[in-house]
Amino acid sequence: MSPDELRESLIGGWRLVSYEATDVGTGEVVEPFGPRPRGLITYGRDGHMAAQIMRAGRPDFRHGRLEEGLPGELAAAAAGYLAYAGTFEVPAGDTVVHRVELSLFPNWVGGAQTRIADLDGRMLRLSLPGPVRLWGALRTGVLTWERRGDGR
């Protein structure tokens with residue numbers, strides 16, 4: 001697939017199906033956001049993207065307002081959530097680069113998140129380009145997404 005074809009195929013909204021990280025030494029698979037993560041990623045024709053992922057079943061705050069959240073509630077909410085947004089580019093027929101402008105994880109702001117993209121019908125797999133240290137081990141990471149609605 002050419003970069004232009006991949007870019008066009010990404011446009012629209014996608015729902016997270018799974019997120020798995022596999023230990024390259026032992027084969028152990030972890031699910032960083034649990035067995036039923038929830039998430040959305042969108043790619044716009046204007047070159048903007050946004051991704052949000054959360055652990056299902058996060059506990060509600062004791063009070064109904066964010067600003068009244070206790071430190072432990074705020075920490076638990078953030079630990080079960082990942083969000084970032086910015087622009088994207090497709091430099092190769094199997095690669096998408098997210099240029100991070102906003103992120104719940106401050107260290108990503110101003111950087112790039114590169115993913116290997118594999119499209120199969122209504123399914124999109126975004127993989128890390130190589131193993132990285134995640135959750136105490138050298139792991140690969142794969143997020144599987146399903147196109148939402150008609151995708152446009």
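These legends describe close-up views of a predicted model.

**View 1. Strand E1 and its partners.** Strand E1 covers residues 12–23 and runs antiparallel to strand E3 (residues 38–43), to which it is joined by four bridges. Within this pairing, Arg15 has Leu40 of E3 as its bridge partner. E1 also pairs with strand E10 (residues 137–147), again in the antiparallel sense, over nine bridges. Here Ser18 stands opposite Thr144 of E10. A further antiparallel partner of E1 is strand E2 (residues 29–30), joined to E1 by two bridges.

**View 2. The hairpin of E1 and E2.** Five residues lie between E1 and E2 in this hairpin. Gly27, in the turn, has a positive phi of about 85 degrees. Across the two strands, Ala21 stands opposite Val30 in E2.

**View 3. Ala21 in strand E1.** Ala21 belongs to strand E1. Is Ala21 buried or exposed? Its relative accessibility is 0%, so Ala21 counts as buried, the cut-off for buried being under 20%. Leaving aside neighbours within four places in sequence, Ala21 is in contact with Glu28, Val29, Val30, Pro32, Leu134, Trp135, Arg139, Thr140 and Gly141. One of these contacts, Val30, is also the residue that stands opposite Ala21 in E2. Leu102 is 81 residues from Ala21 in sequence, and the two C-alpha atoms are 24 Å apart in space.

**View 4. Gly34 in the loop between E2 and E3.** The loop between E2 and E3 holds Gly34. With a relative accessibility of 8%, Gly34 counts as buried. Tyr19 is 15 residues from Gly34 along the chain, and 8.3 Å separates their C-alpha atoms. Tyr19 is also among the residues that lie nearest the centre of the largest pocket.

**View 5. The two faces of strand E3.** In a regular strand, side chains alternate between the two faces of the sheet. E3 shows this alternation along its residues. Which residues of E3 point to one face and are buried? They are Gly39, Ile41 and Tyr43. Arg38, Leu40 and Thr42 point to the other face and are not buried. One of this second group, Leu40, is the bridge partner of Arg15.

**View 6. The hairpin of E3 and E4.** E3 and E4 pair in the antiparallel sense, with six bridges between them. Thr42 has Ala50 in E4 as its bridge partner. Four residues lie between the strands of this hairpin, and Gly47 takes a positive phi near 90 degrees.

**View 7. His98 in strand E6.** His98 is found in strand E6, which spans residues 95–103. The relative accessible area of His98 is 1%, so this residue is buried. The side chain of His98 makes a polar contact with the side chain of Tyr84, at 2.7 Å. Not counting residues up to four places away in sequence, His98 touches Ile41, Tyr43, Met49, Tyr84, Thr87, Phe88, Gly111, Ala112, Gln113 and Arg115. Two of these, Ile41 and Tyr43, are buried residues of E3.

**View 8. The largest pocket.** What is the volume of the largest pocket? It is about 500 Å³. The lining has 25 residues, and Tyr19, Phe33, Leu82, Trp108 and Trp135 lie nearest the centre of the pocket. The elements that give two or more residues to this lining are strand E4 (48–54), helix H2 (71–79), strand E5 (81–92), strand E7 (112–120), strand E9 (132–134) and E10. By residue type, the lining of the largest pocket divides into 21 nonpolar, three polar and one charged.

**View 9. The second largest pocket.** This pocket has a volume of about 200 Å³. Its lining is made up of Arg15, Leu16, Pro37, Arg38, Gly39, Leu40, Ala50, Ala51, Gln52, Ile53, Met54 and Tyr81. At least two lining residues come from each of E1, E3 and E4. Which element supplies the largest share of this lining? That element is E4, with five residues. The lining of the second largest pocket divides into eight nonpolar residues, two polar and two charged. Among the lining residues are Arg15 and Leu40, which are bridge partners between E1 and E3.

How values were computed: Residues are numbered from 1 along each chain as its sequence is written. This is a predicted model: local features need pLDDT of at least 70, side-chain atom pairs count only at pLDDT 80 or more; totals for chains, interfaces and linings use all residues. Side-chain values use heavy atoms; hydrogens and water are left out. Buried means under 20% relative accessible area, exposed over 50%, partly exposed in between (1.4 Å probe, protein chains only). A polar contact is a pair of N or O atoms within 3.5 Å; within protein, one must be able to donate a hydrogen and the other to accept it, and residues adjacent in sequence count only if both atoms are side-chain atoms. Contact means heavy atoms within 4.5 Å. Two strands pair if DSSP finds at least two bridges between them. On a 1 Å grid over the protein atoms alone, a cavity is a set of points where a 1.4 Å probe fits but cannot get out, and a pocket is an open set with protein on both sides within 12 Å along at least five of seven lines; lining residues have an atom within 4 Å of a point. Grid points are joined across faces, edges and corners, and a volume is the space filled by probe spheres set on the points. Ala, Val, Leu, Ile, Met, Phe, Trp, Tyr, Cys and Pro count as nonpolar, Asp, Glu, Lys and Arg as charged, and the others, Gly among them, as polar.
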